[in-house]
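Could you walk me through this structure in my viewer, one selection at a time? I am new to it and would like to know what to click on next.

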Amino acid sequence: MLTREKNELLTRVGPGQPAGELLRRYWHPVCPVQELSSEQPTRFVRILGEDLVLFLDKSGRAGLIQDHCSNRGASLLYGRVEERGIACAYHGWLYDTQGSCLETPAEPADSNFYLTVRIRAYPVQRFVGLYWAYLGPEPAPVIPKYDVWVRKDGRRDITVHPRLDCNWLHPQPRRGERATTSSEPDPDGL
Ligand code: FES
């Protein structure tokens with residue numbers, strides 16, 4: 001039986017927590033590729049205690065940024081994707097996949113204010129039919145190409161569980177809830 005202190009040490013995964021800092025050294029799968037598209041270009045992601053938005057811009061780039069806009073805090077989940085990034089639904093501030101602000105439409109035309117604005121953004125990679133995120137310090141490691149992930153002589157299933165109300169160490173599916181499994185052809189061809 002874990003002591004309360006050890007349980008806290010292992011299960012607190014926000015920024016600055018020991019377990020959070022350790023888990024930030026790894027890539028984490030955050031969304032099946034099929035669940036992000038031009039029809040559904042944004043998804044809310046809660047990982048390692050951070051509320052984030054995964055989006056696909058109209059140039060096909062995936063980004064993972066903080067949920068709340070740095071202007072008045074509107075959720076970027078409801079943003080409008082454009083060629084260069086995602087524009088906040090409230091006052092239109094436009095962010096790219098790196099978290100740089102590219103436009104602040106209400107400012108005077110000659111204003112460089114947008115250059116001073118940045119939001120949290122994390123690297124995203126597409127691999128074996130999933131989007132992966134890395135929330136740790138740069139440089140990001142390479143996603144390991146384990147043989148069972150990249151071999152071509154079988155079928156790959158991706159199973160998505162409903163949200164679990166628990167920490168990462170004690171997953172318990174809620175009674176009556178079922179995971180969904182997809183065995184469609186791998187969109188990455190790996
Ligand atoms: S709250 Fe996002 S632009 Fe104002």
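**Start at Ala133**

Select Ala133 and display its surroundings: leaving aside residues up to four places away in sequence, Ala133 touches Trp27, His28, Val30, Ile47, Leu64, Tyr122 and Val124. Keep in mind throughout that this is a predicted model.

Now widen the selection to the core around this residue. The largest nonpolar core has 30 residues, and Ala133 is among those with the most contacts inside it, together with Leu54, Leu64 and Tyr131. Colour the elements that give two or more residues to this core: β1 (27-32), β3 (50-56), β4 (62-66), β6 (86-87) and β11 (130-134).

**Step back for the whole chain**

Zoom out until the full chain is in view. The protein chain contains three helices and 13 strands, and its C-alpha trace spans about 60 × 45 × 35 Å along the principal axes. Of the 190 residues in the chain, 19% are buried. Among contacts between residues at least 6 apart in sequence, 45% join residues at least 24 apart.

**The sheet with β11**

Return to β11 and add its neighbours. Three strands form an open sheet here, in the order β1-β11-β10, with antiparallel pairing. At the edges are β1 and β10 (124-127), each of which pairs on one side only. From one strand to the next, the twist averages 35 degrees.

Look along the pair β10 and β11: four bridges join these antiparallel strands. To find one of the pairings, select Gln125, whose bridge partner in β11 is Trp132.

Next, click on Val128, in the loop between β10 and β11. Is Val128 buried or exposed? Val128 counts as buried, because it has 20 C-beta neighbours inside 10 Å, and 20 or more is the cut-off for that label. Its backbone deserves a look as well: Val128 has a positive phi of about 45 degrees although it is not a glycine.

**Through β2, β3 and β4**

Select β3 next. Five of the seven residues of β3 are buried, so this strand is largely enclosed by the rest of the structure.

On one side, show strand β2 (residues 42-47), which is joined to β3 by six bridges in an antiparallel arrangement. Thr42 is a good place to click: its bridge partner in β3 is Phe55. The two strands form a hairpin with two residues between them. Leu48 lies in the loop between β2 and β3, and its phi is near 50 degrees, a positive value in a residue other than glycine. With 19 C-beta neighbours inside 10 Å, Leu48 counts as partly exposed.

Now add β4, which runs antiparallel to β3 and is joined to it by five bridges. Click on Phe55 again to find its bridge partner in β4, Gly63. The hairpin of β3 and β4 has five residues between the strands, and Gly60 in this hairpin takes a positive phi near 90 degrees.

**A four-stranded sheet**

Move on to another open sheet, in which four strands follow the order β5-β6-β7-β8 with antiparallel pairing. Why does one side of β5 (80-81) and of β8 (101-103) lack a neighbour in the sheet? These strands stand at the edges and each has a single partner strand, so one side of each is left without a neighbour.

Select strand β7 (residues 94-95) together with β8: the two pair in the antiparallel sense over two bridges. In this pair, Leu94 stands opposite Glu103 in β8.

**Two loop stops to finish**

For the first loop stop, select Pro139, which is found between β11 and α3 (147-150). Check the backbone just before this residue: the peptide bond from Glu138 to Pro139 is cis, with omega near 0 degrees.

For the last stop, pick Asn167, in the loop between β12 (158-160) and β13 (180-182). Asn167 counts as partly exposed because it has 13 C-beta neighbours inside 10 Å. Finally, draw a distance line from the C-alpha of Asn167 to that of Pro108: the two residues are 47 Å apart in space and 59 residues apart in sequence.

Methods
Residues are numbered from 1 along each chain as its sequence is written. This is a predicted model: local features need pLDDT of at least 70, side-chain atom pairs count only at pLDDT 80 or more; totals for chains, interfaces and linings use all residues. A nonpolar core is a set of buried Ala, Val, Leu, Ile, Met, Phe, Trp, Tyr and Cys residues joined through C-beta atoms within 7 Å. A residue is buried if 20 or more other C-beta atoms lie within 10 Å of its own, exposed if 12 or fewer, and partly exposed in between; C-beta atoms are placed from the backbone. Two residues are in contact if their C-beta atoms, placed from the backbone, lie within 7 Å. Two strands pair if DSSP finds at least two bridges between them. Axes are lines fitted to C-alpha atoms, for helices over the stretch in contact, and angles run from 0 to 180 degrees between N-to-C directions.
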